[in-house]
Amino acid sequence: MKKFALFIASLCLAILTFAGLTAQASSHPGTPTVFVHGLQGTHGSTDTMIRDLSRRYPGTKKVMTINITTGGHVVVHGHMKNVAHPLVQVNFLNNSATTTKNAHWLIKALAYLKNKSDVKNVNIVAHSAGNVAAYQAMAYQSTRIPTVKKFVILAGPFDGVLSLNDEPNKNKVSAKNHYNPSIKYPANEYYPSYERLMQLSSTFPRSVKVLNIYGNIGDGTNSDTLVTNASSLSVNYLLRHQKTPVKNKCWKSSKATHTGLHKSKLVDNWIADFLW
């Protein structure tokens, strides 16, 4: 009887210890992942990813929406919560602004997380022009914003956009030279020049781990219908000095369109595997 009582006491102690450790481990939220849309995008550009990741990955939940008004004011809905994978959606209500303007607005959103929500580290998932804005934001103000641990690029137009200044198979890149593009497009009404992005690479934080996802619809254009693979891969040359080399993943499918990339469960799996 004494042995049984001792066993019960030991079991209870073990359970209480485990519960205490679990509570201690979950006393702070996990690293938030911030979602950023691109040019002429809206919350719909990241809604599908957020919903799918929240449904299929335990502990993943959208906790906050940060809207940036046309005047550059930060409007926040929700608050940081103690979940394993908190998700934060950033929306630019003026969705036709330059990537440089979006970069400064994104800095405001990230600074809010750092100063008002005590967020020290974040991950960023961006689509299309949102990637260029995120790249610029990290290069401009790496000390004003939380430390960016991981950066997921979806369809990044770092050196040209079809119908704007690029043509299918016009630009060439080579893996032997970090995908250095043969053409470095000048600035236009929305994007800075590739040369300017090269200048910013010197202040881009080198500890950020990067996953670069791009689409190829298989019609011979080597593009996702809007951004060529060469343009997406050219980010490797910008980030060739990172401590961890950029991971490139190509989704080749008729569904791998510019918008299809943010509606794919396969792509969501790649994102989750990389982040968590």
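**Exercise 1. The lining of the largest cavity**

Task: In this predicted model, find how the residues that line the largest cavity divide into nonpolar, polar and charged.

Solution:
- Step 1. Sort the lining residues by type: 11 are nonpolar, 4 are polar and 1 is charged.
- Step 2. Now place the cavity in context. A search of the whole structure turns up 1 cavity of 30 Å³ or more, and the volume of the largest cavity is about 80 Å³.
- Step 3. Look towards the centre. The lining has 16 residues, and those closest to the centre are F158, D159, G160, Y191 and P192.
- Step 4. Keep F158 and P192 in mind, as both names come back below.

**Exercise 2. Rings around Y135**

Task: Work out which kind of ring pair Y135 forms with F158, and which kind with F204.

Solution:
- Step 1. Start with the total: the structure has 4 aromatic pairs.
- Step 2. Take Y135 and F158. Their ring centres are 6.1 Å apart and the planes meet at 80 degrees, so this pair is edge-to-face; the cut-off for that label is over 60 degrees.
- Step 3. Find the two partners in the chain. Y135 sits in helix α4, while F158 is in the loop between β6 and α5, 23 residues apart.
- Step 4. Take Y135 and F204. Here the centres are 5.1 Å apart and the planes are at 20 degrees, so the pair is stacked; stacking asks for planes under 30 degrees apart.
- Step 5. Locate F204: it is in the loop between α5 and β7, and 69 residues separate it from Y135 along the chain.
- Step 6. Check burial, for which the cut-off is under 20% relative accessible area. Y135 has 0% relative accessibility, so it is buried. F204 has 2%, so F204 is buried too. F158 is also buried.
- Step 7. Put the pieces together: ring pairs join Y135, F158 and F204 into a cluster.

**Exercise 3. Q136, the next residue along**

Task: Decide whether Q136 is buried or exposed, and find which side chain it joins in a polar contact.

Solution:
- Step 1. Place Q136 in helix α4, which covers residues 129–140.
- Step 2. Read its accessibility. The value is 1%, so Q136 counts as buried.
- Step 3. Look for a polar partner: the side chains of Q136 and T100 make a polar contact of 3.0 Å.
- Step 4. List what else Q136 touches beyond four places in sequence: T99, A103, P192, L197 and L200 join T100 there. P192 is familiar from the cavity lining.

**Exercise 4. The surroundings of H127**

Task: Find which backbone oxygen the side chain of H127 reaches.

Solution:
- Step 1. H127 belongs to strand β5, residues 121–127.
- Step 2. With a relative accessibility of 5%, H127 counts as buried.
- Step 3. Follow the side chain: it comes to 2.8 Å from the backbone oxygen of H258.
- Step 4. Beyond four places in sequence, the contacts of H127 include V36, H37, L154 and H262.
- Step 5. Compare chain and space: H127 and S45 are 82 residues apart along the chain, yet their C-alpha atoms are separated by 7.7 Å.

**Exercise 5. Helix α8**

Task: Find which elements the buried residues of α8 pack against.

Solution:
- Step 1. Name the buried residues of α8 (265–275): V267, D268, W270, I271, A272, F274 and L275.
- Step 2. Their packing partners are β1, α2, β5, β6, β7 and β8. Strand β5 is where H127 lies.
- Step 3. Finish at the start of α8, where a side-chain oxygen of S264 comes within 3.2 Å of the backbone nitrogen of L266.

Methods
Residues are numbered from 1 along each chain as its sequence is written. This is a predicted model: local features need pLDDT of at least 70, side-chain atom pairs count only at pLDDT 80 or more; totals for chains, interfaces and linings use all residues. Side-chain values use heavy atoms; hydrogens and water are left out. Helices (H or I, at least four residues) and strands (E, at least two) are DSSP runs, numbered from the N terminus. Buried means under 20% relative accessible area, exposed over 50%, partly exposed in between (1.4 Å probe, protein chains only). Contact means heavy atoms within 4.5 Å. A polar contact is a pair of N or O atoms within 3.5 Å; within protein, one must be able to donate a hydrogen and the other to accept it, and residues adjacent in sequence count only if both atoms are side-chain atoms. On a 1 Å grid over the protein atoms alone, a cavity is a set of points where a 1.4 Å probe fits but cannot get out, and a pocket is an open set with protein on both sides within 12 Å along at least five of seven lines; lining residues have an atom within 4 Å of a point. Grid points are joined across faces, edges and corners, and a volume is the space filled by probe spheres set on the points. Ala, Val, Leu, Ile, Met, Phe, Trp, Tyr, Cys and Pro count as nonpolar, Asp, Glu, Lys and Arg as charged, and the others, Gly among them, as polar. Rings of Phe, Tyr and Trp (its six-membered ring) pair if their centres lie within 6.5 Å; planes under 30 degrees apart count as stacked, over 60 as edge-to-face and the rest as tilted.
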